[in-house]
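Here's a quick tour of how one strand sits among its neighbours and in the nonpolar packing. Have a look at the model first.

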Amino acid sequence: MTGAASASFTADDYKARMERAARQAADAGLAGLLVAPGPDLVWLTGYTPTAVTERLTLLVLAPGRDPVLVVPTLEAPDAERALGASALTLRDWTDGKDPYAATAALLDADGRFGVSDNAWAMHLLGLQRTLPGTSYASLTEALPMLRAVKDAAELELLAAAGAAADAAFEEIRRVAFAGRRESDVAADLAGLLRRFGHSQVDFTIVASGPNGANPHHEVGDRVIERGDMVVLDFGGLRDGYGSDTSRTVHVGEPTDEERRVHDLVREAQEAGFRAVRPGAACQEVDRAARAVIAGAGYGEYFIHRTGHGIGVTTHEPPYMIEGEEQPLVPGMCFSVEPGVYLPGRFGVRIEDIVTVTEDGGRRLNNTAREMVIVD
């Protein structure tokens with residue numbers, strides 16, 4: 001079975017990605033990359049196994065060698081249909097045989113390899129037993145920017161996902177909030193994301209009143225009341241690429257303080273967006289947004305990073321956080337999502353996905369950032 005976005009890419013695209021990954025591995029001093037089923041494998045080959053089981057599936061990329069995908073024999077027909085299959089060699093193994101011995105033959109016996117973060121421990125330990133001279137590093141540690149810079153087709157898919165999330169917000173702001181449970185509104189949001197093309201809904205946070213002070217509030221049965229601030233944070237995958245947006249609405253007229261805090265977060269979000277430009281360090285986006293909130297006396301209530309990357313997953317490098325000196329590059333996509341969280345009272349978060357352009361940034365979410373009043 002191929003990945004959800006496979007139709008948007010060609011075999012040549014996957015070939016180029018695998019070649020680039022092998023080059024980056026060499027530049028990082030690695031003997032190669034070992035990629036298990038998950039987002040990295042989809043991005044590199046267009047292949048998603050029908051089911052991820054205890055049977056080993058592993059893409060082996062090494063500088064100067066052709067890519068090899070080790071697969072169980074019973075899954076080889078599906079792997080052969082992946083769009084990237086023509087750019088690699090399939091090596092299948094049958095039940096009862098040792099998959100680690102088959103894989104070990106492709107590896108340098110004393111090499112250091114980057115391993116996709118979602119590889120099963122049993123598989124990595126099996127390789128270590130077979131090749132005790134090898135060592136390993138997670139891909140996030142070794143090649144954090146592997147998927148960070150998107151090409152034109154990927155940007156198109158991310159923009160479409162963002163537009164779909166925007167359409168969902170435009171619909172949800174028209175539904176009744178007061179007197180309904182958070183879980184009811186969350187279900188509405190999930191249905192809207194699917195109606196506008198999402199195949200996967202990753203999260204639908206509906207945090208009302210004091211629950212809004214918890215950035216990752218788990219939707220519950222609290223009944224939304226008039227006078228509540230409500231943080232909406234939702235997203236998922238559309239055609240294999242992610243959406244993630246947050247808006248904070250108010251049920252009925254807000255107080256002066258609620259409006260002031262909302263305006264402050266909107267100003268901080270704008271400052272973070274304005275800091276996006278090629279060559280700027282990721283931490284500069286965080287600093288710009290945080291300075292606005294701290295300057296107004298709410299710094300202790302902004303309790304998370306300003307943003308995270310997005311692509312074939314809804315959270316991935318790069319991260320907009322103090323200490324991250326990775327320079328921004330055209331094609332990178334990430335969230336800009338400052339917030340203020342007042343314990344026991346309410347919270348406000350405003351989030352857009354932003355892509356770096358040649359001379360600044362471009363928002364992929366374009367719904368109103370001003371206070372939205374709902375019923």
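Buried here means under 20% relative accessible area. With that cut-off, five of the five residues in β3 are buried, so this strand counts as mostly covered. Keep in mind that this is a predicted model.

Which way do the β3 residues point? V68, V70 and P72 go one way, while L69 and V71 go the other, and all are buried.

β3 has strands to pair with, as the table shows.

| Pair | Sense | Bridges | One bridge partner pair |
|---|---|---|---|
| β2 and β3 | antiparallel | three bridges | L58 and V70 |
| β3 and β4 (residues 89-93) | parallel | five bridges | V68 and T89 |

β2 and β3 make a hairpin with six residues between them. In that turn, G64 has a positive phi of about 80°.

Now for the packing. In soluble globular proteins, nonpolar side chains tend to be buried together. The largest nonpolar core has 33 residues, and those touching the most other members are M18, L33, L44, L59, L61, L69 and Y241. At least two core residues come from each of α1 (11-27), β1 (32-35), α2 (39-45), β2 (58-61), β3 (68-72), α3 (76-80) and α7 (152-172). α1 gives the largest share, four residues.

L69 of β3 is worth a click: leaving out residues up to four places away in sequence, its contacts include L41, Y47, L59, A79, L88 and L90. There's also a second, separate core of 19 residues, with A168, I224, V251 and V372 among them.

Methods
Residues are numbered from 1 along each chain as its sequence is written. This is a predicted model: local features need pLDDT of at least 70, side-chain atom pairs count only at pLDDT 80 or more; totals for chains, interfaces and linings use all residues. Side-chain values use heavy atoms; hydrogens and water are left out. A nonpolar core is a set of buried Ala, Val, Leu, Ile, Met, Phe, Trp, Tyr and Cys residues joined through side-chain atoms within 4.5 Å. Buried means under 20% relative accessible area, exposed over 50%, partly exposed in between (1.4 Å probe, protein chains only). Contact means heavy atoms within 4.5 Å. Two strands pair if DSSP finds at least two bridges between them.
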